[in-house]
Amino acid sequence: MKGSGSLNNESIVFDVGGFYGDFTEQVLSICTCDVYIFEPVKKFHEAIEKRYLNNKKINLLNAGLSNKDSYTQISLEGSSSSVFKNSQSNHEN
């Protein structure tokens, strides 16, 4: 992972848009720091929950990050899922 030289067991990492937790896995391969994963898409959130079920260093939130409280549709495009809508993609609220 590029730029990971400063990560250590005291670090706190935010994985925003966790998808299936692959970025978090890369972080954990470097150190055993606390990771906060934000994943608003239910099926991705559930997959991450199963993957890290017994890891107390993982803090999983079924939410996205924004400067306001709101609900919105997310275009489901695998790892490129986004609140920026694509008219041909699947959507989840």
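How many bridges join β1 to strand β2? Five bridges join them, and the two strands run parallel. The legends below describe close-up views of a predicted model.

**View 1. The whole chain combines two helices and five strands.** Read from the N terminus, the elements follow the order β-α-β-α-β-β-β. The chain has 93 residues, and 27% of them are buried. Its accessible surface is about 6500 Å². Carbon and sulfur atoms account for 47% of that surface. Take the contacts between residues at least 6 apart in sequence: 35% of these join residues at least 24 apart.

**View 2. Three strands make an open, parallel sheet.** The strand order is β1-β2-β3. Strands β1 and β3 (58–61) stand at the edges. Each of these two has a single partner strand, so one side of each is left without a neighbour in the sheet. From one strand to the next, the twist averages 15 degrees. Strands of a sheet pair through backbone hydrogen bonds, in either a parallel or an antiparallel manner.

**View 3. Strand β1 pairs with strand β2.** Strand β1 covers residues 12–16, and β2 covers residues 34–38. Five bridges connect the two. D15 has I37 in β2 as its bridge partner.

**View 4. A nonpolar patch lies on the surface.** Six side chains might catch the eye here: I12, F14, V16, Y36, L61 and L65 make the patch. Its area is about 550 Å². Which strand gives the most to the patch? Strand β1 does, with three residues. I12 is in strand β1 and is also part of the patch. Is I12 buried or exposed? Its relative accessible area is 57%, and the cut-off for exposed is over 50%, so I12 counts as exposed.

**View 5. D22 and R51 form a salt bridge between two helices.** The closest N and O atoms of D22 and R51 are 2.7 Å apart. D22 belongs to helix α1 (residues 22–28) and R51 to helix α2 (residues 42–51), so the pair ties together parts 29 residues apart in sequence. D22 is partly exposed, at 46% relative accessibility. R51 is partly exposed too, with a relative accessible area of 36%.

**View 6. R51 also meets E25 in a salt bridge.** Here the N to O distance is 3.7 Å. R51 sits in helix α2 and E25 in helix α1, so this pair ties together parts 26 residues apart in sequence. E25 has a relative accessible area of 37% and is partly exposed. Which residues are linked in a network of salt bridges? They are D22, E25 and R51.

**View 7. K57 and D34 form a salt bridge between a loop and a strand.** The side chains meet at 3.5 Å, N to O. K57 lies in the loop between α2 and β3, while D34 lies in strand β2, so the pair ties together parts 23 residues apart in sequence. K57 is partly exposed, at 30% relative accessibility. D34 is partly exposed as well, at 25%. The count for the model comes to three salt bridges.

Notes
Residues numbered from 1 in each chain as written. Predicted model: local features only at pLDDT ≥ 70, side-chain atom pairs only at ≥ 80, totals over all residues. Heavy atoms only, no water. Patch = residues over 30% accessible without salt bridge, like charges linked within 9 Å, V, L, I, M, F, W, Y side chains within 5 Å. Areas by Shrake-Rupley, 256 points an atom, 1.4 Å probe, with all protein chains shown as cover. Salt bridge = Lys/Arg side-chain N within 4 Å of Asp/Glu carboxyl O. Helix = DSSP H or I, 4+ residues; strand = E, 2+ residues; numbered from the N terminus. Buried < 20%, exposed > 50% of the residue type's maximum accessible area, 1.4 Å probe, protein only. Pairing = 2+ DSSP bridges. Axes fitted to C-alpha atoms, helices over the stretch in contact; angles between N-to-C directions. Contact = heavy atoms within 4.5 Å.
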